[in-house]
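Thanks for agreeing to look at this one with me. My notes are below as numbered points, so you can follow along with the coordinates open.

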Amino acid sequence: MLENLNNSLTYKSNTKRSTRWECVKGLIASDAYLAGWNETIIANATKFANMDPVPYDIDGGLAGSGVLDVARQVQVRIKHWGWAYKMTGDKKWAERTWQEILVASGNDSSVPFGTSPDNWNTQHWLDVGEFTLAFAIAYDWFYDYWSAQQKTDIMWSIITLGLDKALNVYSGADTSHSWWYNTGVNGNWNCVCNGGVIAGAIAISGDDPTGASQTVLQNSIPNAASNCAFGVSTDGTWSETAAYWYFGTSTMVEMASNLETATGSVQGLWDLNPYVNLTGLFHMYISGNTGMHGDLDAGDFVMEAIGQRWFGELGSGNYLSQGYFGGEGQNSNRWLYYRKRTEGQNTIVIDEVNQLVTGTSPANYGSTDESQYTSTSGSEVKLDATLPSTSTAWYWMDLSSYYSGATVRRGFRYINGRKQAIIRDEIQNANGTIQWRAHTNATMSFSDDKKTATLELGGKKMTVQIQTADGTFSQLPATRYSTDPALPAGDGNQDQPNDPTTVLCIELPAGSATIQVLFNPQWDGMDASAFVTPSSTINLADWSNTSHN
């Protein structure tokens with residue numbers, strides 16, 4: 001797998017990157033958009049340069065969130081100063097970077113920075129990965145400025161604080177903090193940890209007298225190819241959620257770029273998983289403008305229209321709560337916290353208990369496949385989103401395996417040229433109270449029969465209507481059930497407040513039920529007569545591209 005890795009890696013890296021930096025300069029001179037970005041980056045670099053070096057602030061203990069934020073702040077600063085140096089040639093950016101390097105390596109006796117020899121904190125290995133990447137960038141981007149002694153100092157920081165720690169993981173000398181390297185760990189941890197030490201190894205490979213860089217590359221590249229790259233499933237979805245997708249994929253792309261620049265290939269990083277190229281779709285579909293986190297949330301939905309997010313996710317809980325990262329088995333403490341529990345999601349809850357973690361959700365879906373296109377009017381380019389009334393996209397899932405003994409199916413569908421939407425739930429043999437739950441920041445009012453809810457948010461309105469016979473709307477607080485298992489003792493283990501979010505709820509007794517809810521965003525300029533009332537009797541099994549025409 002490891003092709004063309006030799007002692008000229010640093011030379012290749014700097015030669016190729018020098019050419020690319022010159023290209024960037026030329027683009028800035030001719031492209032107003034890129035010139036604007038350049039001005040912003042240099043303005044930020046100036047702001048960072050006027051700040052003290054990043055302090056060693058520990059978040060929740062070294063084994064909690066450690067010094068991850070510290071590492072990322074150091075990395076962001078070095079990237080900005082490196083860009084500014086490459087664009088201007090002004091040595092002040094290198095000098096300010098050196099000041100940060102001295103502190104972040106623990107080599108400035110006047111500024112405490114962790115405890116040697118583990119300043120970069122293997123108790124929370126993401127920190128090691130991010131620090132190593134930061135120092136790799138500093139070594140490479142300022143390579144032509146550093147003196148021989150400065151290069152040596154940075155190189156030994158990369159080796160002793162980063163690469164040697166990775167070698168301990170590979171050899172089994174460190175089994176307490178090595179789980180991210182295990183087979184099957186295919187989320188952001190594997191990507192960030194491998195990506196950081198790979199960057200460090202590439203940066204110093206031509207100068208490293210120890211051989212540590214070669215050993216790291218021989219171990220981390222195939223490990224990343226077998227694990228990090230498999231964060232992407234066959235349809236592009238990511239093994240975690242959108243926020244963690246960002247951490248994982250951005251590092252995976254940096255890793256690939258570093259390998260390609262230094263060796264001429266990505267060294268098989270993506271060869272084992274041919275679906276990596278689809279993962280950009282996942283982020284667009286799952287999060288819109290914001291992110292989501294791993295919850296017991298099969299059947300969950302987020303709804304945005306007319307510039308507002310009407311129903312959304314509460315996001316992450318307190319990372320430092322007891323057991324929050326203690327595994328994802330059915331009895332994990334993670335599922336005690338409201339924001340992770342099924343009741344904290346926009347889905348169906350039966351008998352006030354969590355969904356089963358072992359569930360799977362086979363799906364059926366379709367689309368009429370219209371797309372936006374650009375039109376030009378004079379010098380103005382517009383996206384044209386005019387769609388026929390028959391335009392739709394839909395899917396429905398069998399969620400039964402997430403519920404004990406019940407049959408649960410849920411479908412989502414656009415109607416009326418994608419200006420309205422419906423959610424349909426078909427439930428049989430529920431062994432307890434059925435709740436349809438959706439979290440919103442909107443204010444609510446209800447019709448006299450409580451079959452229609454009017455939501456107001458950001459000066460806009462949406463009406464939500466129950467189309468089926470049973471059930472009425474109510475508004476509930478976004479808080480845990482009184483029947484939920486107790487949380488661990490301690491102030492740090494309590495649910496976070498969720499105000500101003502409340503829950504739009506439909507509650508039905510145990511047994512069988514069909515719930516169809518119609519969502520009507522009140523579009524500017526759309527007359528009431530332009531809204532349609534879809535049939536509420538079309539079963540999910542009969543949905544097709546034309547079933548609701």
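1. Phenylalanine 473 has isoleucine 506 of strand S15 opposite it. The strands concerned, S14 and S15, run antiparallel and are joined by five bridges. Please keep in mind throughout that this is a predicted model.

2. On its other pairing, S15 (residues 502-508) is joined to strand S10 (residues 434-440) by seven bridges, again in the antiparallel sense. Here arginine 437 faces cysteine 505 of S15. Six of the seven residues of S15 are buried, so the strand is largely enclosed by the rest of the structure.

3. These strands belong to an open sheet of four, in the order S3-S10-S15-S14, with antiparallel pairing. Which strands stand at its edges? They are S3 (348-350) and S14 (473-477); each has a single partner strand, so one side of each is left without a neighbour in the sheet. On average, neighbouring strands here are turned by 35 degrees against each other, with direction ignored.

4. Next comes an open sheet of eight strands, ordered S4-S7-S8-S9-S16-S13-S12-S11 and paired antiparallel. Strand S4 (363-367) and strand S11 (443-446) form the edges; because each has a single partner strand, one side of each lacks a neighbour in the sheet. The average turn between neighbouring strands of this sheet is 15 degrees, direction ignored.

5. Within that sheet, strand S9 is a good place to look. Spanning residues 420-430, S9 is mostly covered, with nine of its 11 residues buried. Nine bridges pair S9 with strand S8 (residues 407-415) in the antiparallel sense, and eight bridges join S9 to S16, also antiparallel. Arginine 424 is worth selecting in your viewer: it is the bridge partner of glycine 411, and it also stands opposite glutamine 516 in S16.

6. A small backbone detail sits between S8 and S9. Their hairpin has four residues between the strands, and among them asparagine 416 takes a positive phi near 55 degrees.

7. Further along the sheet, strand S13 (residues 460-466) pairs with strand S16 (residues 511-521) in the antiparallel sense, over five bridges. Glutamine 465 stands opposite leucine 518 of S16.

8. Turning to the interior, which residues touch the most other members of the largest nonpolar core? Of its 83 residues, they are Trp125, Phe131 and Leu163. Leaving aside residues up to four places away in sequence, tryptophan 125 touches Gly162, Lys165, Ala166, Val169, His177, Trp180, Trp189, Cys193 and Val197. There is also a second, separate core of 39 residues, including Trp310, Val408, Met444 and Ile466.

9. Helix H8 passes a simple geometry check. At 1.5 Å a residue, its 15 residues (212-226) should span 21 Å, and the end C-alpha atoms are 21 Å apart, which agrees. Buried residues in H8 include Ala212, Val216, Leu217, Ser220, Ile221 and Asn223.

10. Finally, a word on confidence. The chain has a mean pLDDT of 91, and 93% of its residues reach 70 or more. Over residues 6-12, however, the pLDDT is below 50, although this stretch has 20 contacts in the model beyond near neighbours in sequence. Where pLDDT is low, the predicted coordinates should not be read in detail.

Key: Residues numbered from 1 in each chain as written. Predicted model: local features only at pLDDT ≥ 70, side-chain atom pairs only at ≥ 80, totals over all residues. Heavy atoms only, no water. Core = buried A, V, L, I, M, F, W, Y, C linked by side-chain atoms within 4.5 Å. Buried < 20%, exposed > 50% of the residue type's maximum accessible area, 1.4 Å probe, protein only. Contact = heavy atoms within 4.5 Å. pLDDT = per-residue confidence, 0-100. Helix = DSSP H or I, 4+ residues; strand = E, 2+ residues; numbered from the N terminus. Expected span 1.5 Å × (residues − 1). Pairing = 2+ DSSP bridges. Axes fitted to C-alpha atoms, helices over the stretch in contact; angles between N-to-C directions.
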